[in-house]
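Q: I am new to this structure and would be grateful for a close look at one helix. Please explain its form, its surroundings and the chain around it in a connected account.

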Amino acid sequence: MQSPATAAAPAPAAPLHRDSEVAAEVKALFVSGKRDAARERFAELVTLLQRRAARIAYQYLRDVHDADEAVQDAFVKVFTHIATYREALPFEVWFTRILVNRCLDLQKARSRRLRWTVSPSPSAQAPTPEPAAPQQTPEERLLSSERGRRIMAAVEQLPERQRLVFTLCQIAEQSTNEVSQTLGVSEATVRVHLFRAVRKLRGLLARER
Amino acid sequence: MRKSHLSDDRLLEVCLDQASFAAEQQHLESCPACAERGTHLARMLADVTDVTVAEADAAFGADRLAKQRARILQRLELDGRSGRVITFPASHPHGPSLRARPRMRWIAGAAAAGLVIGILADHVAHVVPSRRGAPTQIALQPTGATLQAVSTSMSEEELLGLLEVAIEGTGGASLGPLDDLTPRVWEVAAQ
């Protein structure tokens, strides 16, 4: 049977060890006072992790502007605190923890904001994708398909925690051990959330067939 | 080989590759029913992953990612300033800042406290006496009574005269308690 991680085949992501190597170099430059050189080296780290970070933040926040802000803030924070990075920990785990914490902060801020404003109608919040057109990209075609819409609606219904764990495991391709380090919870808890997420998705998608 | 079929949870564990399940893998190879269930589950997970990745990638196209990268590097050069561009009115640099002047906080706090005390005092002054004199209840029923426009420049005697006329008219009985409380014109004139 094909493993889901290989079956999904998302856009190429950076190998885990490469970002840790670059991060160690950035840290060495930063600590030795070569801040400009560290920044230049850090640009490579941004390139390596940016897309993955955007996917995680977007899946969690469901808003492109908030996700953009979260990713930017996470990278800036990582650079300013690079001296505290411990090479024993995979850099991606450390970075993802910072990113997720920033997402949580933004989520809280957004909840506070929404308490005092009238929320738009659901149709305005989540516009349905347009029907497939010849100029659409493969991603857009997938999203505008009936199956794509059902899956998006099902993922939307996942509780926040389950969606986050599912995103980190399936989209960021982190192991349950890495996710437990990222979120600061036990591996068993991660597994429970992941199983519940998959069961719920399976139930929702089976019901709609 | 296992006789019974794999449970849903076990199948999910195998599918998510949580651990090496040699026995379960063997069972999947020899059991078409479980193999089919496993394939369905793996396909569902792959579909969900594909769609969620595509959704995020559609939101973050190459152009947006390039801008984001440029913005990150720019912020690093500027030593990590805020990521979101604030619109002009909110970012006025010369406006009065309470943070810059701690004494302003005390003044603002004192003004707010004074306002609250004033409102409370006004409330007490108007509400408490009216509770003391509450027993008299007057029901005004304007049935049959004609309403007349009263000029603010009317003299006191004219006003009292109009009241007399109103009391003597039909439906004036309801104004009896008010009449009892009101001194007569001649009484006031005699004083």
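A: The answer that follows concerns helix 3 of chain A, beginning with the chain as a whole and ending with other parts of the model.

The model is predicted, so local features are reported only at a pLDDT of at least 70 and side-chain atom pairs only at 80 or more, while totals for chains, interfaces and linings use all residues. Residues are numbered from 1 along each chain as its sequence is written, and chains are lettered from A and ligands numbered from 1 in the order in which they are written.

Chain A contains 11 helices and zero strands. Here helices (H or I, at least four residues) and strands (E, at least two) are DSSP runs, numbered from the N terminus. Its pattern along the sequence is therefore written α-α-α-α-α-α-α-α-α-α-α. Of its 209 residues, 40% are buried; a residue is buried if 20 or more other C-beta atoms lie within 10 Å of its own, exposed if 12 or fewer, and partly exposed in between, with C-beta atoms placed from the backbone. Among the contacts in chain A with a separation of 6 or more, 62% join residues 24 or more positions apart. Two residues are in contact if their C-beta atoms, placed from the backbone, lie within 7 Å.

Helix 3 of chain A comprises residues 35-61. A straight helix of 27 residues would span 39 Å at 1.5 Å a residue, yet helix 3 spans only 32 Å between its end C-alpha atoms. The expected span is 1.5 Å times one less than the number of residues. Helix 3 also bends by about 50° at Leu49(A), where the bend is the angle between axes fitted to the seven residues ending at a residue and the seven starting there.

Just after helix 3 comes Arg62(A), with a positive phi of about 60°. Most residues other than glycine have a negative phi. Arg62(A) lies in the loop between helix 3 and helix 4 (64-80) of chain A. It is partly exposed, because 19 other C-beta atoms lie within 10 Å.

Helix 3 also takes part in the largest nonpolar core, to which it gives the most, with 12 residues. Such a core is a set of buried Ala, Val, Leu, Ile, Met, Phe, Trp, Tyr and Cys residues joined through C-beta atoms within 7 Å. Of the 70 residues in this core, Ala57(A), Ala70(A), Val71(A), Ala74(A), Leu99(A) and Val165(A) touch the most other members.

Some contacts can be followed residue by residue, leaving aside partners up to four places away in sequence. Ala70(A) touches Ala57(A), Leu61(A), Leu99(A), Arg102(A), Cys103(A) and Leu106(A). Cys103(A), which belongs to helix 5 of chain A, touches Ala57(A), Tyr60(A), Leu61(A) and Ala70(A). Cys103(A) is buried, because 24 other C-beta atoms lie within 10 Å. The C-alpha atoms of Cys103(A) and Asp73(A) are 9.7 Å apart, although 30 residues separate the two in sequence. Helix 5 (residues 91-115) also holds Gln107(A), which is partly exposed, with 17 C-beta neighbours inside 10 Å. Gln107(A) and Leu61(A) are 46 residues apart in sequence and 6.8 Å apart in space, C-alpha to C-alpha.

Farther along chain A, Glu173(A) is another residue other than glycine with a positive phi, near 60°. It sits in the loop between helix 9 (160-171) and helix 10 (176-183) and counts as partly exposed, with 17 C-beta neighbours inside 10 Å. The buried residues of helix 10 are Thr176(A), Glu178(A), Val179(A), Ser180(A) and Thr182(A). Gly184(A), just after helix 10, takes a positive phi of about 70°.

Chain B has eight helices and zero strands, and 16% of its 191 residues are buried. Its helix 3 (residues 32-59) packs with helix 8 (residues 146-156) of chain A at an angle of about 85°, with axes 9 Å apart. Axes are lines fitted to C-alpha atoms, for helices over the stretch in contact, and angles run from 0 to 180 degrees between N-to-C directions. The two helices are therefore roughly perpendicular, a term for angles of 65 to 115 degrees. Helix 8 of chain A contributes Arg147(A), Gly148(A), Ile151(A), Met152(A) and Val155(A) to the contact, and helix 3 of chain B contributes Asp47(B), Val48(B), Val51(B), Thr52(B) and Glu55(B).

Conventions: Parallel < 35°, antiparallel > 145°, perpendicular 65-115°, else oblique.
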